[in-house]
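Here's a walk through one protein model, going from a single residue out to the sheet and then to a pocket. Keep the structure open alongside as you read.

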Amino acid sequence: NIIINTNRLWYGKDSTVSAFIATAYDDEGKRVNSMEGYFLEPETDYDRAEIAGDDKAIRYGTYNIVPGEKWQRFEWYVDKVPGRTGIAIHGGTDGSNTLGCLLPAEDFIYDKENENYRTVNSGKKKKELFNFFKKFY
């Protein structure tokens, strides 16, 4: 069992940065391992966070992680997001690369001109995170 806990850090015009902790548990519910990083999401609008098909960030909180089904586009998904389905974890650089999904990153940068955040090393962090999921799921 793997859970992700997210906590909002910064809000851009069309992007949101969250810190995350992914924690793996054994069958008896004991913590086995964890890792940390950042997620970039689209703009946060808490009035629209639970509307299916909306392109806003999900609510911060604790979620289960599940592997994608063969018919699904992405490898890993956030499970039981209130009001939402298909919230995936995948690579990307900015808020335009996500319609609600979580883009992992080692760090982020703020673009003052566009008033938005961008990921740093999203592909590298995605690989590290997916290896963690595969090892402990």
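## Starting at I2

I2 has its place in strand β1. This is a predicted model, so treat what follows as a reading of a prediction. How buried is I2? Its relative accessibility is 0%, and since anything under 20% counts as buried, I2 falls squarely in that class.

Setting aside residues up to four places away in sequence, I2 touches T23 and A24, along with Y63, N64 and I65. The rest of its contacts are F132, F133, F136 and Y137. There's also a pair to look at across the sequence: I2 and S34 sit 32 residues apart along the chain, yet their C-alpha atoms are 9.2 Å apart in space.

## How the sheet is put together

Now zoom out. Seven strands make an open sheet, and reading across it the order is β6-β5-β4-β1-β2-β3-β7, with antiparallel pairing. At the edges are β6 and β7, each of which pairs on one side only. As a reminder, strands of a sheet pair through backbone hydrogen bonds, either parallel or antiparallel.

Strand β1 (residues 2-11) pairs with β2 in the antiparallel sense, over 9 bridges. One spot to check is I3, whose bridge partner in β2 is T23. The two strands form a hairpin, with 3 residues between them.

## β2 and its other neighbour

On to β2 and β3, which are also antiparallel partners, this time over 11 bridges. If you want to trace the register, I21 has E36 as its bridge partner in β3, and A22 is matched with M35. The hairpin of β2 and β3 has 5 residues between the strands, and there G29 takes a positive phi near 85 degrees.

Why is strand β2 (residues 15-25) described as largely enclosed by the rest of the structure? Because 8 of its 11 residues are buried.

## E41, a buried charged residue

Strand β3 (residues 31-42) also holds E41. Is E41 buried or exposed? Its relative accessibility is 1%, so it counts as buried. Glu is classed as charged, which makes this side chain one to click on.

What does the E41 side chain meet? It makes a polar contact of 3.3 Å with the side chain of S18. Leaving out residues up to four places away in sequence, E41 touches R8, D14, S15, T16 and S18, then A57 and I58, and finally T98, C101 and L102.

## H90 in its loop

H90 is found in the loop between β6 (88-89) and β7 (103-105). With a relative accessible area of 9%, H90 is buried.

Its contacts, apart from neighbours within four places in sequence, are F74, N97, C101, L102, L103, P104 and K126. C101 and L102 are on this list, and both also touch E41.

## The largest pocket

Last stop: the largest pocket, which holds about 250 Å³ of space. In general, rolling a probe the size of a water molecule over the atoms shows where empty space is left.

Which residues lie nearest the centre of the largest pocket? They are G86, T98, L99, G100 and C101, out of 16 that line it. By class, the lining has 5 nonpolar, 8 polar and 3 charged residues. Two of those central residues link back to an earlier section: T98 and C101 are also touched by E41.

Terms used
Residues are numbered from 1 along each chain as its sequence is written. This is a predicted model: local features need pLDDT of at least 70, side-chain atom pairs count only at pLDDT 80 or more; totals for chains, interfaces and linings use all residues. Side-chain values use heavy atoms; hydrogens and water are left out. Helices (H or I, at least four residues) and strands (E, at least two) are DSSP runs, numbered from the N terminus. Buried means under 20% relative accessible area, exposed over 50%, partly exposed in between (1.4 Å probe, protein chains only). A polar contact is a pair of N or O atoms within 3.5 Å; within protein, one must be able to donate a hydrogen and the other to accept it, and residues adjacent in sequence count only if both atoms are side-chain atoms. Contact means heavy atoms within 4.5 Å. On a 1 Å grid over the protein atoms alone, a cavity is a set of points where a 1.4 Å probe fits but cannot get out, and a pocket is an open set with protein on both sides within 12 Å along at least five of seven lines; lining residues have an atom within 4 Å of a point. Grid points are joined across faces, edges and corners, and a volume is the space filled by probe spheres set on the points. Two strands pair if DSSP finds at least two bridges between them.
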